[in-house]
Amino acid sequence: MAQAYRPDTGNHGPEPDPSEPFTTPGTPRTPSTPGAARSPLRRFADGWRGDRRIWRRGIVLAVLGLLLTVVMVFHAEIPNTVGNLGSLTETFLPWFGLGIPLLLILALMRRSALALVVLILPAVVWLNLFAGLYTDKSTPGGDLTVATHNVNAENNDPAGTVATLAASGADVVALEEIAGDNLAGYEKAMAAASYRHHTVQGTVGLWSKYPLTDVRKVDIRLGWARALRATVATPQGEVAVYVAHMPSVRVKLNAGFTAGQRDASADALGEAIAREPLRRVVLLGDLNGTMNDRALNGITAQMRSTQGAAGDGFGFSWPAAFPMARIDQIMVKGVEPTSSWTLPRTASDHLPIAARVKF
């Protein structure tokens, strides 16, 4: 008598559910648990739930976040008595913001709610100090365009450097660190670019499309000429233009941020500008310091940065290969900045900068 064949396993279980996918006998099924389809983000978030230590872990990270906040809030209180540490901090102050995402990543890896909450403080402080620089504050119009550039004494391309500056549309151009061997090249290139009026004092020079009068060297207590002053007769009226190259600063392991000579020269320049009889004043130059550096207070207390007032971004100018600080400055008083920007790189280790102002 024929009958259907059914293998005898010795353990007849329940009949298979037709709704389940077919599998070969002996093949394990993948369990359909709720966690199997969770995304990595969901699994990461679930790891925080029920963890009572999230407020006790990461104390060191929280302390570092508080220290970062204190440095940015009270940078002006850091003394300069030891290695000019205060000025060094202020020169690179915007870069302290990089510590915030670094600590954020570490706090997430450590699963520290305490550190995450503390990091709100330095984030708010940094945004309060620098977020405004990220907005484009330029406005149309203007009466005078100026540019300044530390051309570097080793720059062997005066013609190319002048071409970059002239392309900005500048009416007045200041150059710093002019080597004697290259002066003739700059004079020739500037004359070809229609800058018919110029003066050179030591290693700094001023070229203008408008007549220059009352030209003189400015004593910044160096013993040689690295600053000058001239009156530029523009169609809209006279403006006093100062050109300056402050002494260099160095970071040394045994001495810190050596800037004593720069600081004394900055004070002397500030005193000269304070005595200026003309109401409209423009300062162009390599000041070897940022607007945050207290050593420049004698200048910054009476003048505005065109980048801060009408620029877009930090406008870093040095070093040209990877700009980290704006030590080249255009500052004004008695005129209104309408735009400020950084020019393309030349053969110098500084980037040239330009600005437009209205009377």
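This tour moves through a predicted model one selection at a time.

**The whole chain**

Begin with the complete chain in view. It holds 11 helices and 14 strands. Of its 359 residues, 45% are buried. Consider next the contacts between residues at least 6 apart in sequence: 68% of these join residues at least 24 apart.

**Helix α2 against helix α6**

Select residues 59-73, which form helix α2, together with residues 120-130, which form helix α6. The two axes come within 8 Å of each other and cross at roughly 25°. Angles under 35 degrees count as roughly parallel, and α2 and α6 are therefore described as roughly parallel to each other. The crossing in which α2 passes α6 is left-handed.

Now display the side chains at this contact. From α2, the residues to show are G65, L66, L68, T69, M72 and V73. Their partners in α6 are L121, P122, V125, W126 and L129. Sorted by class, this contact comprises nine nonpolar residues, two polar residues and no charged ones.

**Helix α2 against helix α4**

Keep α2 selected and add residues 99-110, which are helix α4. Here the axes lie 10 Å apart, and the packing angle is about 165°. This angle makes α2 roughly antiparallel to α4, since angles over 145 degrees are counted in that way. As α2 passes α4, the crossing is left-handed.

Which residues of α2 should be displayed for its contact with α4? They are L61, L64, G65 and L68. On the side of α4, they meet G99, I100, L103, L106, A107 and R110. The contact divides into seven nonpolar residues, two polar residues and one charged residue. Two residues of α2 deserve a second look: G65 and L68 take part in the contact with α6, and G65 and L68 also meet residues of α4.

**Helix α7 and what covers it**

Move to residues 158-166, helix α7, and colour its buried residues: P158, T161, V162, T164 and L165. These residues lie on the same side of α7, because they cover an arc of only 155° around the axis. To see what lies over them, add strand β1 (144-150), strand β2 (172-176) and helix α8 (183-192), which are among the elements that cover the buried residues of α7.

**Two residues with positive phi**

From α8, continue to the loop between α8 and β3 (197-201), where S194 is located. S194 is not a glycine, yet its phi is positive, at about 75°. Is S194 buried or partly exposed? With a relative accessible area of 43%, S194 is partly exposed.

Next select D214, which is found in strand β5, residues 212-217. D214, also not a glycine, has a positive phi of about 50°. The relative accessible area of D214 is 44%, and D214 is partly exposed. The settings of these two residues can be set side by side: S194 sits in a loop, whereas D214 belongs to a strand.

**A cis peptide bond**

For the final stop, select W318 and P319. The peptide bond that joins W318 to P319 is cis, with an omega of about -10°. Where in the chain is P319 found? P319 is in the loop between α11 (306-310) and β12 (328-333).

Key. Residues are numbered from 1 along each chain as its sequence is written. This is a predicted model: local features need pLDDT of at least 70, side-chain atom pairs count only at pLDDT 80 or more; totals for chains, interfaces and linings use all residues. Side-chain values use heavy atoms; hydrogens and water are left out. Buried means under 20% relative accessible area, exposed over 50%, partly exposed in between (1.4 Å probe, protein chains only). Helices (H or I, at least four residues) and strands (E, at least two) are DSSP runs, numbered from the N terminus. The arc is that of the directions from the helix axis to the C-beta atoms. Contact means heavy atoms within 4.5 Å. Axes are lines fitted to C-alpha atoms, for helices over the stretch in contact, and angles run from 0 to 180 degrees between N-to-C directions. Angles under 35 degrees count as roughly parallel, over 145 as roughly antiparallel, 65 to 115 as roughly perpendicular and the rest as oblique. A crossing is left-handed if the near helix is turned anticlockwise from the far one by less than a right angle, and right-handed if clockwise. Ala, Val, Leu, Ile, Met, Phe, Trp, Tyr, Cys and Pro count as nonpolar, Asp, Glu, Lys and Arg as charged, and the others, Gly among them, as polar.
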